[in-house]
Amino acid sequence: MADKHMAYGTIKEENKTPLHLAVINNKIQAVEEIIEKCPDSLDAVTSKGQNVLHIAYAKEHWKMITLFEDQHWNNNIFEQRDTNGNVPYKVTGKNVSFHSHPCWEELDRNNIILEELDEKWFKGRMEVWEERANTHLIVVTLILTVSFAGFTIPGGYNGDDGPNKGMAIISKKTAFKAFAVADTIAMISSSAAIFLHYVATYNEEGRRLSRYYAAGILAVVAMLAMMIAFMTGL
């Protein structure tokens with residue numbers, strides 16, 4: 001933060017930058033910070049011509065590789081070759097590939113061994129999503145609590161004797177109708193997300209990941225609906 005030029009300094013013997021060292025030691029947070037402050041540091045290579053992805057594959061840091069795939073798939077680090085002519089996914093001596101990689105069509109499909117990578121890549125994804133799931137669960141639980149408070153109807157209830165007794169006073173207003181719909185959506189979405197997190201604990205890993213994806217989408221829907229409910233209720 002004090003001097004961005006420090007991110008480009010190298011160890012003379014091996015020409016490794018701080019980013020390379022962070023990848024070697026599997027310090028994901030440090031890697032994210034350096035790339036955020038100095039994005040072009042991704043272009044640096046060691047004396048062996050290896051970029052950060054070469055190093056990640058060599059060390060088999062699958063969670064780190066997942067990070068690069070998610071955020072930097074459009075960078076040329078996936079195709080860059082080292083001094084031995086190897087692209088990153090061949091550094092370990094095993095032909096591997098990510099199905100979602102944009103350069104998939106350019107890879108030699110006949111030489112790709114998928115089974116080992118699929119297992120390790122999947123484990124990396126599971127680690128990431130299991131960490132996210134804890135946060136998502138807290139968020140949707142809070143949304144459920146707040147949306148349930150929507151039963152305290154804005155404007156209060158009609159206490160007069162008659163056919164409308166006990167009904168919301170402002171039930172015919174458009175804003176109130178929007179509030180009721182949005183609050184219901186927020187409550188249902190957050191409840192469904194919590195249910196999926198619960199069900200995921202009983203599923204095999206393959207199905208558990210899809211549950212986490214669905215719960216994440218429902219959490220976003222619940223947040224948006226809660227915002228609309230608040231604005232219309234106000």
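This briefing covers the overall fold, one salt bridge, one pocket, two helices and two residues ahead of the opening helix.

The model is predicted. The protein has 234 residues, and 37% of them count as buried. Its secondary structure comes to seven helices and zero strands, which gives the pattern α-α-α-α-α-α-α along the sequence. Among contacts with a separation of 6 or more, 62% join residues 24 or more positions apart.

**Salt bridge in α2**

- The structure holds one salt bridge, and the side chains that form it are those of Lys37 and Glu33, at 3.4 Å from N to O.
- The pair counts as a salt bridge because 3.4 Å falls within the 4 Å cut-off between a side-chain nitrogen of Lys or Arg and a carboxyl oxygen of Asp or Glu.
- Side chains of opposite charge can pair when their charged atoms come close.
- Both residues belong to helix α2, which spans residues 28-37. Lys37 and Glu33 are four residues apart there, about one turn of the helix.
- Lys37 is partly exposed, with a relative accessible area of 31%. Glu33 is also partly exposed, at 38%.

**Second largest pocket**

- The second largest pocket contains about 230 Å³ of space.
- Its lining consists of Met1, Asp3, Lys4, Met6, Ala7, Pro18, Glu33, Ile34, Lys37 and Cys38. Glu33 and Lys37, the salt-bridge partners, are therefore both part of this lining.
- By type, the lining residues divide into six nonpolar, no polar and four charged.
- Helix α2 gives the most to this lining, with three residues.

**Helices α3 and α4**

- Helix α3 runs over residues 52-59 and is mostly covered, with six of its eight residues buried.
- The buried residues of α3 are Val52, Leu53, His54, Ile55, Ala56 and Tyr57.
- These buried residues pack against α1 (18-24) and α4 (62-71).
- The N-terminal end of α3 is capped by Asn51, which has a side-chain oxygen 2.8 Å from the backbone nitrogen of Leu53.
- After α3 comes Glu60, with a positive phi near 55°.
- Helix α4 is mostly covered as well: eight of its 10 residues are buried. They are Trp62, Lys63, Met64, Ile65, Thr66, Leu67, Phe68 and Glu69, a list that includes the charged residues Lys63 and Glu69.

**Two residues before α1**

- Thr17 lies in the segment before α1. Is Thr17 buried or exposed? Thr17 is buried, because its relative accessible area of 4% is under the 20% cut-off.
- With neighbours within four places in sequence left aside, Thr17 is in contact with Ala7, Tyr8, Gly9, Thr10 and Ala44. One of these, Ala7, also lines the second largest pocket.
- Glu14 is placed in the segment before α1 too, but counts as partly exposed, at 36% relative accessibility.
- Which residues does Glu14 touch, not counting those up to four places away in sequence? They are Thr46 and Ser47.
- Glu14 and Val45 are 31 residues apart along the chain, and their C-alpha atoms are separated by 9.6 Å.

How values were computed: Residues are numbered from 1 along each chain as its sequence is written. This is a predicted model: local features need pLDDT of at least 70, side-chain atom pairs count only at pLDDT 80 or more; totals for chains, interfaces and linings use all residues. Side-chain values use heavy atoms; hydrogens and water are left out. Buried means under 20% relative accessible area, exposed over 50%, partly exposed in between (1.4 Å probe, protein chains only). On a 1 Å grid over the protein atoms alone, a cavity is a set of points where a 1.4 Å probe fits but cannot get out, and a pocket is an open set with protein on both sides within 12 Å along at least five of seven lines; lining residues have an atom within 4 Å of a point. Grid points are joined across faces, edges and corners, and a volume is the space filled by probe spheres set on the points. Contact means heavy atoms within 4.5 Å. A polar contact is a pair of N or O atoms within 3.5 Å; within protein, one must be able to donate a hydrogen and the other to accept it, and residues adjacent in sequence count only if both atoms are side-chain atoms.
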